[in-house]
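Got your viewer ready? Load the model, set it to cartoon, and keep the selection box handy for the stops below.

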Amino acid sequence: MSGASRALILVGRIGKLHGLAGEVRLEPIGAGDALRDASWIVVGPSPIDARRMRVRGLRGHAGRMLLGLDGIDDPDAARALTGSHVYLPRREFPSPAEGEFYFTDLVGLRVRVAE
């Protein structure tokens with residue numbers, strides 16, 4: 001497996017808490033739509049200082065995305081995650097449709113200009 005396929009890709013940021021059951025607002029970044037089918041994510045201030053967490057639920061509500069994580073069951077636990085980054089291993093991204101790509105897959109490619 002290449003290093004790129006093991007790479008953690010920033011896909012979101014945890015915002016304010018929502019309700020009393022430990023849900024938080026999720027602010028997608030870049031390939032945030034890759035989170036739709038994720039059962040595990042990596043959460044923390046950086047990929048090095050992050051921990052793997054099981055997704056309890058991800059849903060839309062009033063134009064926002066709400067995220068529930070196992071072990072985060074009350075407002076205090078949810079509040080402690082505010083501002084954390086959300087990462088997903090690149091290998092966990094859904095396959096893009098024909099003719100589509102993820103920007104993260106373009107990093108490092110050489111650009112050639114047609115004359």
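Which side chains meet in a salt bridge at 3.0 Å, N to O? Select aspartate 76 and arginine 79: their side chains form that bridge. A salt bridge here is a side-chain nitrogen of Lys or Arg within 4 Å of a carboxyl oxygen of Asp or Glu. The two residues sit three positions apart in helix H2 (residues 75-79), so about one helical turn separates them.

Before moving on, some small print. This is a predicted model, in which local features need pLDDT of at least 70 and side-chain atom pairs count only at pLDDT 80 or more, while totals for chains, interfaces and linings use all residues. Residues are numbered from 1 along each chain as its sequence is written, and side-chain values use heavy atoms, with hydrogens and water left out.

**Stop 1: the whole chain**

Zoom out and colour by secondary structure. You should find two helices and six strands, in the order α-β-β-β-β-β-α-β along the sequence. Helices (H or I, at least four residues) and strands (E, at least two) are DSSP runs, numbered from the N terminus. Along the principal axes, the C-alpha atoms fill a box of roughly 60 × 30 × 20 Å.

Now show the surface. The accessible area is about 7,600 Å², and carbon and sulfur atoms own 52% of that; such areas come from the Shrake-Rupley method with a 1.4 Å probe, and for residues only the protein chains shown count as cover. Of the 115 residues, 31% count as buried. Buried means under 20% relative accessible area, exposed means over 50%, and partly exposed is in between (1.4 Å probe, protein chains only).

How do the contacts spread along the sequence? Among those with a separation of 6 or more, 58% come from residues 24 or more positions apart. A contact means heavy atoms within 4.5 Å.

Colour by charge next. The mean positions of the 16 positive and 14 negative charges are 3 Å apart. Lys and Arg count as positive, Asp and Glu as negative, and His and the chain ends are not counted. Each charge is placed at NZ of Lys, CZ of Arg, CG of Asp or CD of Glu.

**Stop 2: back to H2, then the other bridges**

Go back to the opening pair. Aspartate 76 is exposed, at 58% relative accessible area, whereas arginine 79 is partly exposed at 46%. While aspartate 76 is selected, run a distance to leucine 35: the C-alpha atoms are 24 Å apart, with the two positions 41 residues apart in sequence.

The structure holds six salt bridges. Select arginine 59 and glutamate 23 for another one, where the closest N and O atoms are 2.8 Å apart. Arginine 59 is in strand E4 (residues 51-61) and glutamate 23 in strand E2 (residues 23-28), so this pair ties together parts that are 36 residues apart in sequence. Is each partner buried or partly exposed? Glutamate 23 counts as buried at 15% relative accessibility, and arginine 59 is partly exposed at 40%.

For one more, pick arginine 91 and glutamate 92, whose side chains meet at 3.9 Å, N to O. Arginine 91 is partly exposed at 48%, and glutamate 92 is partly exposed at 46%.

**Stop 3: two buried residues**

Select valine 42 in strand E3 (residues 40-44). Valine 42 is buried, with a relative accessible area of 11%. What does valine 42 touch? Leaving out residues up to four places away in sequence, look for Leu8, Ala50, Arg51, Arg52, His85, Val86 and Tyr87. Valine 111, by contrast, is 32 Å from valine 42, C-alpha to C-alpha, and 69 residues along in sequence.

Next, serine 84, in the loop between H2 and E6. Serine 84 is buried too, at 12% relative accessible area. With the same four-place exclusion, serine 84 touches Gly12, Arg13, Ile14, Val43 and Gly44.

**Stop 4: a nonpolar patch**

Finish by selecting Phe101, Phe103, Leu106 and Leu109, which make a nonpolar surface patch of about 460 Å². Patches are made of residues with over 30% relative accessible area and no salt bridge: like charges are joined within 9 Å, and nonpolar side chains (Val, Leu, Ile, Met, Phe, Trp, Tyr) within 5 Å. Leucine 106 lies in the segment after strand E6 (85-89), and is partly exposed at 36% relative accessible area.
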